[in-house]
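Colleague: I should like to go through this model with you before planning any bench work. May I put some questions to you as we look at it?

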Amino acid sequence: MTQDEYKRLLLGVVDDVNFIVYYLDYLKIALEQLESPNEKTLDRIELLISGFLEQAECHFEELNISCKDIVKLCNNDLTED
C-alpha cells in the first residue's frame with residue numbers, strides 16, 4: 001500500500017465528513033422551524049429532513065466503504081511486515 005493510496009482514501013473520508021457537516025444545517029433549520037409549528041413549517045421541516053437524508057445517505061455509504069477499505073489495507077500492511 002502506497003502513501004498515495006492512503007492519502008486518497010483519507011481525503012475521501014474527509015470530503016464525506018465535510019459534506020455531512022454541511023448538510024447538518026438542514027437539521028438545525030428544521031429544529032428552528034419546530035419552535036413555531038404550523039402547517040407551513042411542518043411542510044418545511046419535512047422538506048429539510050428529506051433533503052438532509054437524500055444528501056447525507058450517500059456520504060454515509062461512501063464513508064462505510066472507505067473505512068472498510070482502510071481497515072483492509074491496514075490489515076494487509078500489518079501481515080506483510
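Modeller: Please do, and bear in mind that the model is predicted. One place to begin is a nonpolar patch on the surface, of about 220 Å². The residues that make this patch are Val17, Val21 and Leu24.

Colleague: In which helix is the place of valine 17, and is valine 17 buried, partly exposed or exposed?

Modeller: Valine 17 belongs to the helix that covers residues 3-33, namely H1. Its relative accessible area is 38%, and a residue counts as buried only under 20% and as exposed only over 50%. Valine 17 in helix H1 is therefore partly exposed.

Colleague: Which residues form the negative surface patch, and how accessible is glutamate 54?

Modeller: The negative patch on the surface is formed by Glu54, Glu57, Glu61 and Glu62. Glutamate 54 is placed in helix H2, residues 39-80. Because the cut-off for exposed is over 50%, glutamate 54 counts as exposed, its relative accessibility being 59%.

Colleague: How many helices and strands does the protein chain have, and is the chain compact or spread out?

Modeller: The protein chain has 2 helices and 0 strands. Its radius of gyration is 18 Å, whereas the globule rule gives 12 Å for 81 residues, so the chain is more spread out than a compact globule. Along the principal axes, its C-alpha atoms fill a box of roughly 60 × 15 × 15 Å.

Colleague: What share of the 81 residues is buried?

Modeller: Alanine 30, in helix H1, serves as an example of a buried residue, with a relative accessible area of 4%. For the protein chain of 81 residues, the buried share is 22%.

Colleague: How many salt bridges are counted, and which residue forms a salt bridge with aspartate 25?

Modeller: The count comes to 1 salt bridge. Aspartate 25 is partly exposed, at 36% relative accessibility. Its partner is 3 residues away in helix H1, so about one helical turn separates the two. The closest N and O atoms are 3.8 Å apart, and the partner of aspartate 25 is lysine 28.

Colleague: How are phenylalanine 60 and valine 17 separated in space?

Modeller: Phenylalanine 60 has its place in helix H2, while valine 17 is in helix H1. At 46% relative accessibility, phenylalanine 60 counts as partly exposed. Along the chain, phenylalanine 60 and valine 17 are 43 residues apart, yet their C-alpha atoms are separated by 8.3 Å.

Colleague: What is the distance in space between alanine 30 and isoleucine 45?

Modeller: Alanine 30 lies in helix H1, and it is buried because its relative accessible area of 4% falls under the 20% cut-off. In sequence, alanine 30 and isoleucine 45 are 15 residues apart; C-alpha to C-alpha, the distance is 4.9 Å.

Colleague: And what separates the C-alpha atoms of tyrosine 26 and threonine 41?

Modeller: Tyrosine 26 is another residue of helix H1. With a relative accessible area of 27%, tyrosine 26 is partly exposed. Tyrosine 26 and threonine 41 are 15 residues apart along the chain, and the separation of their C-alpha atoms is 13 Å.

Notes. Residues numbered from 1 in each chain as written. Predicted model: local features only at pLDDT ≥ 70, side-chain atom pairs only at ≥ 80, totals over all residues. Heavy atoms only, no water. Patch = residues over 30% accessible without salt bridge, like charges linked within 9 Å, V, L, I, M, F, W, Y side chains within 5 Å. Areas by Shrake-Rupley, 256 points an atom, 1.4 Å probe, with all protein chains shown as cover. Salt bridge = Lys/Arg side-chain N within 4 Å of Asp/Glu carboxyl O. Helix = DSSP H or I, 4+ residues; strand = E, 2+ residues; numbered from the N terminus. Buried < 20%, exposed > 50% of the residue type's maximum accessible area, 1.4 Å probe, protein only. Lys, Arg positive; Asp, Glu negative; His and termini not counted. Charge placed at Lys NZ, Arg CZ, Asp CG, Glu CD. Rg over C-alpha atoms; globule rule 2.2 N^0.38 Å.
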